[in-house]
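Here's a quick briefing to keep beside the sequence and the 3D view. Grab a coffee and have a look first.

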Amino acid sequence: MHPSEPDRLTLAQIPTPLVELPKLAKQFGIERLLMKRDDLTGLETSGNKIRKLEYVLADAMARGADTVVTHGGFQSNHCRATAAIGARLGLRVRLLLRSADADPPKVGNLLLDHLFGAHVTLHDPDEYSHRREALIERTMQTERAAGRTPYFFPVGASVPLGCWGYIRAVAELVEQVGRETPIDLYCATGSAGTQAGLILGKALFRCDRWRVIGVPICDSVAYFDAALRQLIAETVAAFSLDLAEADTPIELIDGFIGEGYAIPYSEELETIRQLARMEGILLDPTYTGKAFTGMLATIRSNIIRKSATPVFLHTGGVFGLLARADLFSVPSSTP
Ligand SMILES: Cc1ncc(COP(=O)(O)O)c(C=O)c1O
């Protein structure tokens with residue numbers, strides 16, 4: 001790994017497999033289509049978040065924290081992974097969750113947050129968006145007043161420390177495909193830490209023939225371009241990485257958000273059904289369904305580099321899929 005790598009806990013089941021999607025490749029008339037199965041980083045911790053938490057929680061433990069405080073949507077995969085790891089490490093977990101519904105169904109990730117024993121509070125979108133800093137500060141103060149040592153990290157653990165999760169994942173992928181192989185690596189971009197880590201890793205390990213392509217799932221390309229630029233610059237500065245801005249080009253593709261965060265659309269649902277039937281692999285309706293739809297549309301539009309193999313980074317989300325059975329009309333029996 002890289003000499004600047006900070007300490008980490010070993011929490012994720014890695015290396016994750018890199019698999020071929022042969023039937024889909026054939027259907028799209030391309031030689032190879034690959035998937036990096038980061039949905040298999042561990043059952044309770046499945047998805048991309050656990051790679052970031054390895055670094056962030058190592059820091060929390062080193063600072064003597066006994067409580068972690070984080071936030072996200074009420075079906076947040078990041079919060080569920082934090083809750084699972086908190087239970088394993090004996091940390092108290094406080095989750096501040098955004099929910100328009102004061103009593104959302106206890107299914108999917110939210111059910112698991114409770115099963116893992118996390119302390120959950122729900123906050124309406126207005127409070128969550130506009131008064132979050134105060135809410136976090138109040139929560140930290142409450143924990144300190146109770147004699148505990150809380151440690152805060154933001155949604156998705158998308159901070160410079162967390163970026164190391166996907167810097168390390170690039171090193172893993174170099175072992176699997178080789179840095180000389182031209183690949184177009186697609187991922188869902190939600191809080192930007194995954195894509196920022198991939199971009200940094202690609203630069204640090206000199207994967208000059210790779211491209212990292214993010215598919216925004218909630219905010220505009222302009223928003224994520226700025227967010228990625230900032231997070232990359234902060235990480236470069238925090239770890240004194242020998243990189244210039246030109247070493248870390250940002251590529252994002254537009255048009256696959258639909259009407260907004262966690263609002264699926266029909267083409268996306270068709271993608272989820274198609275991958276399930278053709279390859280036996282599950283995508284989720286909030287992140288990977290949108291990103292995979294974006295990748296397939298790009299392949300279909302023929303604007304891909306002919307010389308490169310598309311690789312989809314599967315970042316997980318299965319529990320979010322199971323929470324949205326309502327999206328799929330499923331008969332009681334099929335003839
Ligand atoms: C399943 C899944 N995929 C992708 C993402 C996006 O990753 P990031 O937040 O690092 O941009 C998230 C979280 O936001 C997620 O839960």
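**A262 and the basics**

A262 counts as partly exposed, because it has 18 C-beta neighbours inside 10 Å; the label covers anything between buried (20 or more other C-beta atoms within 10 Å of the residue's own) and exposed (12 or fewer), with C-beta atoms placed from the backbone. Bear in mind that this is a predicted model: local features need pLDDT of at least 70, side-chain atom pairs count only at pLDDT 80 or more, and totals for chains, interfaces and linings use all residues. Residue numbers start from 1 along each chain as its sequence is written.

**Backbone oddities**

- A262 isn't a glycine, yet its phi is positive, about 65°.
- You'll find A262 in the loop between β9 (251-252) and α10; helices (H or I, at least four residues) and strands (E, at least two) are DSSP runs, numbered from the N terminus.
- A157 is another non-glycine residue with a positive phi, near 50°, and it sits in the loop between β6 (150-152) and α7.
- Is A157 buried or exposed? A157 counts as buried, because 27 C-beta neighbours fall inside 10 Å.
- Going from I14 to P15, the peptide bond is cis, with omega near 5°.
- P15 belongs to the segment before β1 (18-20).

**Helix α10**

- Helix α10 (residues 266-279) has 14 residues, which at 1.5 Å a residue should span 20 Å, and its end C-alpha atoms are indeed 20 Å apart; the expected span is 1.5 Å times one less than the number of residues.
- Which residues of α10 are buried? They are E268, T271, I272 and L275.
- Those buried residues cover an arc of only 100° around the axis, so they lie on the same side of α10; the arc is that of the directions from the helix axis to the C-beta atoms.
- As a reminder, an α-helix has 3.6 residues a turn, so residues three or four places apart point the same way.
- S266, E270 and R277 are exposed on the other side of α10.
- The cover over the buried residues of α10 includes α11 (288-300).
- Right after α10 comes G280, with a positive phi near 70°.

**Two domains**

- The chain splits into domain 1 (18-48 + 158-327) and domain 2 (49-157), with bounds from an automatic or database domain assignment.
- Taken over C-alpha atoms, the centres of domain 1 and domain 2 are 25 Å apart.
- 25 residues of domain 1 are in contact with 24 residues of domain 2, where contact puts the C-beta atoms, placed from the backbone, within 7 Å of each other.
- On the side of domain 1 that touches domain 2, the elements giving two or more residues are α7 (160-177) and α12 (318-322).
- The largest share of that side, seven residues, comes from α7.

**The nonpolar core**

- The largest nonpolar core has 79 residues, and V56, L185, Y186 and A291 touch the most other members; such a core is a set of buried Ala, Val, Leu, Ile, Met, Phe, Trp, Tyr and Cys residues joined through C-beta atoms within 7 Å.
- α7 supplies the largest share of this core, eight residues.
- Domain 1 and domain 2 each give this core at least three residues.
- Leaving out residues up to four places away in sequence, L185 touches L198, W210, R211, V212, I213, V311 and L313.

Note on methods: Contact = placed C-beta atoms within 7 Å.
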